[in-house]
Amino acid sequence: MKCPWLPFGALCLLLPCCSYKIEDELEMTTMCHRPEGLEQLEAQTNFTKRELQVLYRGFKNECPSGVVNEETFKQIYAQFFPHGDATMYAHYLFNAFDTAQNGSVKFEDFVIALSILLRGTVHEKLRWTFNLYDINKDGYINKEEMMDIVKAIYDMMGKYTYPVLKEDAPRQHVEVFFQKMDKNKDGVVTLDEFIESCQEVRTKL
Ligand SMILES: [Ca+2]
Ligand SMILES: [Ca+2]
């Protein structure tokens, strides 16, 4: 069975119990974990109580302390991209998960983001991605922020993946993306502009 996380690229690597196994695991899972506030989480996410229990078990296995910090994100990504430098991408991704901006991601934060990325509407997924790109969280994506994220992705992939990549390739990509997204040409991309542009791409595909 194909992993449903593939469309989200490297993000799937954060899942210790990759979601395509959830159903299998449900068969054998024992009800030993009862994270607090499960009812509330069930209401806040698109997961069932049993799925939440499986996810919780995987989370606790990987992170016995119950929280993930930025260093954990970096370690996970470094394992999967040994030929690249994933430090910056892991940093930006962590900030997108760390909605309270307090340096740690709890199970609740993790599962709410996961629910959006796996089972959210297109609109919810795009809103989450917008927040990832909006590095300083001021509600706009500027060209520098887009450049930083794209560069971080190129760094993570490393030189082995794109041996013929030219030095200025990231900048050229960003220029093209930005021109398309910044509809009113005011130098920043708003959430509405972002969603509109992404949906144009979707309908063309
Ligand atoms: Ca911004
Ligand atoms: Ca604009």
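**A calcium-bound chain of helices and strands**

Among contacts in the protein chain that link residues at least 6 apart in sequence, 61% are between residues at least 24 apart. This figure, like every other value given here, belongs to a predicted model.

The secondary structure may be considered next. The protein chain contains 10 helices and four strands. Followed along the sequence, these elements are arranged in the pattern α-α-α-β-α-α-β-α-α-β-α-α-β-α. The pattern thus begins with three helices ahead of a strand and ends with a helix.

The surface of the protein chain can be described in similar terms. Of its 205 residues, 42% are buried. The chain exposes about 11,800 Å², and 53% of that area is supplied by carbon and sulfur atoms.

The calcium ion (ligand 1) offers a more local view. Its protein donors are Asp134 (OD), Asn136 (OD1), Asp138 (OD), Tyr140 (O) and Glu145, the last of which contributes two OE atoms. These donors lie 2.2 to 2.5 Å from the calcium ion. Along the chain, the donors of the ion follow the spacing D-x1-N-x1-D-x1-Y-x4-E.

The geometry of this site is irregular, with angles of 53 to 158 degrees among the six donor atoms. An octahedral site would require opposite donors over 155 degrees apart and all other angles between 65 and 115 degrees; the site of the calcium ion, whose angles reach down to 53 degrees, is therefore classed as irregular.

Two of the donor residues can also be placed relative to the surface. Asn136 is partly exposed, with a relative accessible area of 47%. Tyr140 is likewise partly exposed, its relative accessible area being 40%.

Key
Residues are numbered from 1 along each chain as its sequence is written. Chains are lettered from A and ligands numbered from 1 in the order in which they are written. This is a predicted model: local features need pLDDT of at least 70, side-chain atom pairs count only at pLDDT 80 or more; totals for chains, interfaces and linings use all residues. Side-chain values use heavy atoms; hydrogens and water are left out. Helices (H or I, at least four residues) and strands (E, at least two) are DSSP runs, numbered from the N terminus. Buried means under 20% relative accessible area, exposed over 50%, partly exposed in between (1.4 Å probe, protein chains only). Contact means heavy atoms within 4.5 Å. Accessible areas come from the Shrake-Rupley method with a 1.4 Å probe; for residues, only the protein chains shown count as cover. Donors are N, O and S atoms within 2.8 Å of the metal (3.2 Å for Na, K and Ca); water is not among the atoms, so sites may look incomplete. Four donors count as tetrahedral if all angles lie between 85 and 135 degrees; four count as square planar and six as octahedral if opposite donors are over 155 degrees apart and all others between 65 and 115; anything else is irregular.
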